[in-house]
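Work through the following exercises with the sequence and the model open beside you. Try each task on your own before you read the solution beneath it.

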Amino acid sequence: MTTPRIEFELKPSSQPLPAAEREAVLADPGFGRYFTDHMVTVKWTEGRGWHDAQLQPYAPLSLDPANMTLHYAQSIFEGLKAYRQPDGSVAVFRPDANARRFQRSARRLAMPELPVETFIEACDLLVRQDKEWVPSEGEASLYLRPFMIASEVGLGVKPANEYTFMVIASPAGSYFSGGVQPVSVWLSEEYVRAAPGGTGEAKCAGNYAASLVAQAEAARHGCDQVVWLDALERRYIEEMGGMNLYFVEGGGADATIVTPELTGTLLPGITRDSLLTLARDLGYRTQERRISTDEWREGNADGSISEVFACGTAAVITPVGEAKSARGGWTVGDGTAGEITMRLREALLAVQTGQAEDVHGWMHEL
Ligand code: PLP
Ligand code: COI
């Protein structure tokens, strides 16, 4: 049975932010601080399915204090970016991949699955409407934040019978205030992010709430970010708070680019996936396998691991310059951004900003 196409009602704002104020925001957007003039909402009700799809002015929500999301956290989200292209048009990076991951997250949280085409259309409508908000300088972009929450009111612990899907958008410069400076990381042996059978591979709000205490611990040790280890042995590297990790073995054209394999407890990043392909395009070998903290420490000491970097939609590619744990720390390589890290970063951004040919069909043009 094919699902009928969901029609969106368009209700443009009569009071968009004046152009001069918008330009001031775009000159220094930071990350997640400012939001565009519109948002998209779509409702789902048991027995009725998806309905009331609207593009409307950005506005606060009114929630009943007994809204189930506030108590039991049925809440999932996505993150993807729209980039200005050389001809002034706008294209979104791999929205179909985010739409499918959103469906998988929904299944894990016992929420309804939004059709892929509705997810993409909702993003398209918002970007089209707020096109003036897409930055045109360098690697800046318009970050899209689709999310879904339970809308039912009640305190019974069960999947809700009503949900709201929304998309909001925020102009994005650099995720880290230092720009492309190497970050320092804390290997968390005390707290874990996800255990087998848990929600680690879903992009659900609770995973992030549970990470904050470890992030604060990392900060106490003078580190920018936390690196999560596997829950059972606390030995194998999984990922970071909002990014996947890559290790570069060897150097030059002979380098192998290694990333922790998807074990079910880490988020299958779309940047991670794209880099596996791009690295091979550039002639590097790639591996997805388990990698332990000892392997990292020893590989760093004997020089076999030359570079480490983090990757994600918000953070793009960020070099890791220093690692610390309760058992001591080490400088990664010479502590500066590695050559292969920066080569991959440029190659990815070149596709996203339309400077390089999109041979894999990743850019969704509006
Ligand atoms: N891991 C976590 C926990 C994340 O929140 C993110 C960000 O979305 C990533 C990895 C990277 O995923 P992606 O490349 O799809 O943004
Ligand atoms: C993203 O990169 O899209 C993320 O979701 C990471 C973080 C902002 C939560």
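**Exercise 1.** In this predicted model, find the residue with a positive phi that follows helix 6, and then examine the length and the buried residues of the helix itself.

*Solution.* Begin at the end of the helix: helix 6 is followed by Gly-283, and the phi of this glycine is positive, near 95 degrees. Next, check the length, for which a rise of 1.5 Å a residue gives an expected span of 16 Å over the 12 residues of helix 6; since the C-alpha atoms at its ends are 17 Å apart, the two values agree. Then list the residues that count as buried, which in helix 6 are Ile-270, Thr-271, Arg-272, Ser-274, Leu-275, Leu-278 and Ala-279. Finally, look for what covers these buried residues: the cover includes helix 3, strand 12 (244-249), strand 13, strand 14, strand 15 (305-312) and helix 8 (339-352).

**Exercise 2.** Determine how strand 13 and strand 14 run relative to each other, parallel or antiparallel, and what unit they make with helix 6.

*Solution.* Take the pairing as the starting point: strand 13 (residues 256-259) and strand 14 (residues 285-288) run parallel and are joined by four bridges. One position in this pairing can be found by looking at Ile-257, whose bridge partner in strand 14 is Thr-286. Now add the helix, and you will see that strand 13, helix 6 (residues 270-281) and strand 14 make a β-α-β unit that is right-handed.

**Exercise 3.** Work out how the buried residues of helix 3 are placed around its axis, and describe what comes just after the helix.

*Solution.* First compare the lengths: helix 3 (residues 95-108) has 14 residues, which at 1.5 Å a residue should span 20 Å, and the C-alpha atoms at its ends are indeed 20 Å apart. The buried residues of this helix are Pro-95, Asn-98, Ala-99, Arg-101, Phe-102, Ser-105 and Ala-106. When helix 3 is seen down its axis, these buried residues fall within an arc of 165 degrees, so they line one face of the helix. A general rule is helpful here: an α-helix has 3.6 residues a turn, so residues three or four places apart point the same way.

Just after helix 3 comes Ala-110, with a positive phi of about 55 degrees, and this residue belongs to the loop between helix 3 and helix 4 (116-129). Ala-110 counts as exposed because 11 other C-beta atoms lie within 10 Å, and the limit for an exposed residue is 12 or fewer.

**Exercise 4.** Decide whether Val-316, another residue that has a positive phi without being a glycine, is buried or exposed.

*Solution.* Start with the backbone: Val-316 has a positive phi of about 55 degrees, and its place is in strand 16 (residues 316-325). Then turn to its surroundings, where Val-316 has 23 C-beta neighbours inside 10 Å and therefore counts as buried.

**Exercise 5.** Name the strands that pair with strand 7, and follow Ile-149 as an example.

*Solution.* Strand 7 (residues 141-150) is mostly covered, with eight of its 10 residues buried. Strand 4 (residues 75-77) pairs with strand 7 in the antiparallel sense over three bridges, and in strand 7 the residue opposite Phe-77 is Phe-147. Strand 5 (residues 80-84) is also an antiparallel partner, over three bridges, with Lys-81 bridged to Tyr-143. Strand 8 (residues 162-172) pairs with strand 7 in the antiparallel sense over 10 bridges.

Now follow Ile-149, which lies in strand 7 and has Thr-164 as its bridge partner in strand 8. Ile-149 counts as buried because it has 23 C-beta neighbours inside 10 Å. Although Ile-149 and Ala-205 are 56 residues apart in sequence, their C-alpha atoms are 9.7 Å apart in space.

**Exercise 6.** Find where Lys-203 lies and which residues it contacts beyond its neighbours within four places in sequence.

*Solution.* The UniProt record, an unreviewed entry, places the feature "modified residue: N6-(pyridoxal phosphate)lysine" at Lys-203. In the model, Lys-203 lies in the loop between strand 9 (183-188) and helix 5 (205-220). Lys-203 is buried, because 25 other C-beta atoms lie within 10 Å. Beyond its neighbours within four places in sequence, Lys-203 is in contact with Ile-76, Phe-77, Glu-78, Arg-101, Ser-105 and Leu-267.

How values were computed
Residues are numbered from 1 along each chain as its sequence is written. Chains are lettered from A and ligands numbered from 1 in the order in which they are written. This is a predicted model: local features need pLDDT of at least 70, side-chain atom pairs count only at pLDDT 80 or more; totals for chains, interfaces and linings use all residues. Two strands pair if DSSP finds at least two bridges between them. Helices (H or I, at least four residues) and strands (E, at least two) are DSSP runs, numbered from the N terminus. A crossover is right-handed if, with the strands pointing away from the viewer, the path from the first strand over the helix to the second runs clockwise. The expected span of a helix is 1.5 Å times one less than its number of residues. A residue is buried if 20 or more other C-beta atoms lie within 10 Å of its own, exposed if 12 or fewer, and partly exposed in between; C-beta atoms are placed from the backbone. The arc is that of the directions from the helix axis to the C-beta atoms. UniProt positions are given in the numbering used here, feature names are shortened, and annotations may be inferred rather than shown by experiment. Two residues are in contact if their C-beta atoms, placed from the backbone, lie within 7 Å.
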